[in-house]
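Thank you all for coming; I would like to walk you slowly through one structure today. Please have a look at it on the screen before I begin.

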Amino acid sequence: NTLRVLSSARAAQGKELSHHPITAITATFTVTTITYNQQTQTHTDSLLLKSPLLPNMHMDEADYAFLREIHRKKKQCTMEIENLTAQLREVEAKISETRDMLGLNTRGRDDMVLLDQGRKLFNESPKRGVQFLQDNNYFSGEGELATQVARFLLNTQGLLKTQIGEYLGEFKPFNLQVLDEFVKQHDFKGMDFDAALRTYLWSFRLPGESQKI
């Protein structure tokens with residue numbers, strides 16, 4: 001009777017495992033305590049199931065332990081990589097912030113070189129100076145191009161005021177847009193008319209030609 005019960009149990013276990021979703025399974029069952037002729041005997045049976053996808057591949061418990069260890073190490077390495085990536089981003093942000101504080105930012109240094117060259121060209125020929133800066137993407141900040149050129153004319157130190165007047169006096173569509181934005185860059189709030197006019201005329205020199213005036 002005991003052997004018949006054991007046989008039925010093995011058959012049930014085999015049927016249950018045959019539907020297990022794992023591709024290849026080698027399960028080891030320990031059938032405990034078979035009492036026969038007053039002797040206790042422990043049997044270990046191995047139930048080997050073939051994979052439907054890899055019918056010629058057999059795996060035992062050691063193989064599964066090896067795969068589990070690989071999976072664990074992969075997960076651990078992935079977490080470490082994510083942590084290192086986050087730390088690297090923080091370090092790069094601090095480096096960039098420090099460079100900005102010290103004035104060592106590459107973009108800022110390049111802009112200063114461009115500005116110096118553009119200023120020299122502008123004082124020789126306003127049209128050439130503005131075109132040079134435009135061709136080298138100096139005017140790539142916020143606002144329309146005419147607005148940025150107007151800020152350049154008003155705020156850049158070292159520009160000859162006579163050349164600013166010459167540029168603003170050109171009767172061309174873009175120059176007229178710059179002139180309009182140039183006026184808007186001034187803050188005349190709370191000022192008397194004569195004081196506002198003096199402030200405005202101080203930012204450039206009227207060109208010599210009456211047509212440009």
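Let me start with a question: with which residue does Glu181 form a salt bridge? The partner is Lys184, and the closest N and O atoms of Glu181 and Lys184 lie 3.9 Å apart. Please keep in mind throughout that what you see is a predicted model, and that residues are numbered from 1 along the chain as its sequence is written.

I will come back to that pair, but let me first give you the overall layout. The protein has eight helices and two strands, and if you follow the sequence from its start you read the pattern α-β-β-α-α-α-α-α-α-α. Of its 213 residues, 23% are buried, while the area that the protein exposes comes to about 16,000 Å², with carbon and sulfur atoms supplying 55% of that area. If we consider the contacts between residues at least 6 apart in sequence, 49% of them join residues that are at least 24 apart.

Now to the salt bridges, of which the structure holds seven. As a general reminder, side chains of opposite charge can pair when their charged atoms come close. I will describe three of the bridges, including the one from my opening question.

In helix α7, Glu181 and Lys184 are three residues apart, and therefore about one helical turn separates them. Their surroundings can be set side by side: Glu181 is buried, with a relative accessible area of 18%, which places it under the 20% cut-off for buried residues, whereas Lys184 is exposed, at 55%.

The second pair lies in helix α2, which spans residues 61-102. Here Glu69 forms a salt bridge with Arg72, and the closest N and O atoms are 2.6 Å apart. Because Glu69 and Arg72 are three residues apart in this helix, they are separated by about one helical turn. As for accessibility, Glu69 is partly exposed, with a relative accessible area of 31%, and Arg72 also counts as partly exposed, at 42%.

The third pair takes us to helix α3, residues 106-124, where Asp116 and Lys120 are four residues apart, again about one turn of the helix. Asp116 forms a salt bridge with Lys120, their closest N and O atoms being 3.6 Å apart. Asp116 is partly exposed, with a relative accessible area of 30%, while Lys120 is exposed, at 54%. This pair does not stand by itself, since Asp116, Arg119 and Lys120 are linked in a network of salt bridges.

Let me finish with the largest pocket, and with one more question: how much space lies in it? The value is about 280 Å³. Fourteen residues line this pocket, and the closest to its centre are Pro126, Lys127, Tyr167, Lys172 and Asn175. The elements that give two or more residues to the lining are α4, residues 126-135, together with α6, residues 161-168, and α7, residues 173-184. The largest share of the lining, five residues, comes from α4. In chemical terms, the lining residues divide into five nonpolar, four polar and five charged. You may recognise α7 in that list as the helix that also holds Glu181 and Lys184, the pair with which I began.

Conventions
This is a predicted model: local features need pLDDT of at least 70, side-chain atom pairs count only at pLDDT 80 or more; totals for chains, interfaces and linings use all residues. Side-chain values use heavy atoms; hydrogens and water are left out. On a 1 Å grid over the protein atoms alone, a cavity is a set of points where a 1.4 Å probe fits but cannot get out, and a pocket is an open set with protein on both sides within 12 Å along at least five of seven lines; lining residues have an atom within 4 Å of a point. Grid points are joined across faces, edges and corners, and a volume is the space filled by probe spheres set on the points. Ala, Val, Leu, Ile, Met, Phe, Trp, Tyr, Cys and Pro count as nonpolar, Asp, Glu, Lys and Arg as charged, and the others, Gly among them, as polar. A salt bridge is a side-chain nitrogen of Lys or Arg within 4 Å of a carboxyl oxygen of Asp or Glu. Buried means under 20% relative accessible area, exposed over 50%, partly exposed in between (1.4 Å probe, protein chains only). Contact means heavy atoms within 4.5 Å. Accessible areas come from the Shrake-Rupley method with a 1.4 Å probe; for residues, only the protein chains shown count as cover.
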